[in-house]
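Student: Hi, could you walk me through this model? I'd like to know what I'm looking at.

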Amino acid sequence: MILEHFLHTSLVFVCYTTVLPRTMSFLKSLFLFGLIFSFTFILTPLGQISSFVVLFFICLSIAFLAKPRLLSVCCSIWGYSCGIIVNYSCLVMAECLFSLTLADLSNRYFVEFTLLNIVLDYAILRIFQYIIRKKLQIISVKLSLPLLWSCLLCLLTCCIIFICNFTYSEMLGYPTAMVRINAFLFTIFFILVVLLLFFIIREFGQKQEYQRRLEYLSLAQEYSANLESSYQEIRKFKHDYHNIILSISGYLEKEDILGIKKYFSTSLEPLYQQLNTFSNDAILDRLKIPEVKGLCLNKAITARSFGITVRFSVPALIQDLTMDVLDFIRILGIYFDNAIDAAKNSKEKNLEVMFIKEEAGNTLLLSNSCDDKLTLYQLSGGGYSSKGKEHGNGLRIAKEILKCYPAIEHNTYIKDSYVIQELRNL
């Protein structure tokens, strides 16, 4: 009796969890397995009608245990529907190949039949898991809430129809003809629902890709504008260089040392600082990702307009990233904006950016001077901003993006009145 319930629980567990967008931790999986075991053990006397109750409680549990919640519930229901199709297909094959009825399978071959279902469900759902996670990359597609709710209602309707149908079949004693008809109708209906959802999600993904390309074009245009601005400044400096030499020679002819000192403090020193700025930005030539380079130049111009000293360090060539470039741009832009906001209100007004090439992947270190009163608690999530209550969601958005890249290590810490954002394995 316990073995039968354990196998039945394992079958239900595989169907509900294999195609989740993110794999649950071991403790959460163990907890969910225990819940399913308890539900099925207590509700078995109710027959197939218990499937409604089990479906409700499992969906509720997954909504609390797995993230993103709504998408996880949709995927679990979809996996359960797929498991029903596999089960009916196995019933039809057993009847056609071995002349075994449902009663025979339930009474004499329950263990073998359930194990076969578990293996087939797991194998098929693992293939679907690969398609969902790798091919469709459903986690990175920002599905709207109305679309997710529509998918959920569609899948729930599908499941309710299935459960009602085999509940009615149970009342009739599972006649062979009914099992065959159910298997055929369930399969056709399920395929149509899956195709419908697939095309909807693909269409939505294509629209998002179009938006991403527009963002890419905007960044490229911004990068070109920054390059043009820098080029004009260099041309201006070259023009001024000739006049500088001539003016100095005039002071030398008159042996006017005081005049040279005054000229240096009022004209040459600011020009020297400007030249240092150009040489520092030239370090970004080793950064071979145009979108990232353009953003750095643009944010450096913004920071300097607030009197912030900006320094870049790129010791080796950086040519690619492990994460999507636009996702990195969004994160880097958020870090830059927060760094500029903090640095302009600090005493030192410094901002330093370092890109380091390592074997495991690139590392970004972005540090900025800050107010001594700033704490890690204020930086631990969304909500804090010196701009007011309606701001401060940038870090929360950055965390949500990083959840899609579990291999990337993120650390935030404060050291010697500097906030440091660190991203590893980029």
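Tutor: Sure, we'll go from the overall make-up to some local details. Keep in mind that this is a predicted model.

Student: How many helices and strands does the protein chain have?

Tutor: There are 13 helices and five strands in the protein chain.

Student: And what share of the residues is buried?

Tutor: Of the 426 residues in the protein chain, 40% are buried. The accessible surface is about 24,100 Å², and carbon and sulfur atoms account for 63% of that surface.

Student: OK, the strands next. In what order do they sit in the sheet?

Tutor: The order is 1-2-3-5-4, in an open sheet of five strands with mixed pairing. Strand 1 (309–313) and strand 4 are the edge strands, each pairing on one side only. On average, neighbouring strands in this sheet are turned by 10° against each other, ignoring direction.

Student: In which sense do strand 4 and strand 5 pair, parallel or antiparallel?

Tutor: Antiparallel, over seven bridges. As one example of who faces whom, Glu 409 is opposite Arg 424 in strand 5.

Student: What's in the loop between those two strands?

Tutor: Asp 416 is there, between strand 4 (409–415) and strand 5 (418–424). Its phi is positive, near 55°, although Asp 416 is not a glycine.

Student: Is that residue buried or exposed?

Tutor: Asp 416 is exposed, with a relative accessible area of 64%. Most residues other than glycine have a negative phi.

Student: Where else does a non-glycine residue have a positive phi?

Tutor: Lys 349 has one, at about 55°. That residue is in the loop between helix 11 (325–343) and strand 2 (350–357), and Lys 349 is partly exposed at 25% relative accessible area.

Student: Which strands does helix 11 lie across?

Tutor: Helix 11 lies across strand 1, strand 2, strand 3 (362–369), strand 4 and strand 5. The helix runs at about 20° to strand 3.

Student: Switching topic: where is there a cis peptide bond?

Tutor: One joins Lys 67 and Pro 68, with omega about -10°. Most peptide bonds are trans. Pro 68 is in the loop between helix 3 (50–65) and helix 4 (69–98).

Student: How far apart are the end C-alpha atoms of helix 3?

Tutor: They are 22 Å apart, which agrees with the 22 Å expected for 16 residues at 1.5 Å a residue.

Student: And which residues of helix 3 are buried?

Tutor: Among them are Val 54, Leu 55, Ile 58, Cys 59 and Ile 62. Residues three or four places apart in an α-helix point the same way, because there are 3.6 residues a turn.

Conventions:
Residues are numbered from 1 along each chain as its sequence is written. This is a predicted model: local features need pLDDT of at least 70, side-chain atom pairs count only at pLDDT 80 or more; totals for chains, interfaces and linings use all residues. Side-chain values use heavy atoms; hydrogens and water are left out. Helices (H or I, at least four residues) and strands (E, at least two) are DSSP runs, numbered from the N terminus. Buried means under 20% relative accessible area, exposed over 50%, partly exposed in between (1.4 Å probe, protein chains only). Accessible areas come from the Shrake-Rupley method with a 1.4 Å probe; for residues, only the protein chains shown count as cover. The expected span of a helix is 1.5 Å times one less than its number of residues. Two strands pair if DSSP finds at least two bridges between them. Axes are lines fitted to C-alpha atoms, for helices over the stretch in contact, and angles run from 0 to 180 degrees between N-to-C directions. Contact means heavy atoms within 4.5 Å.
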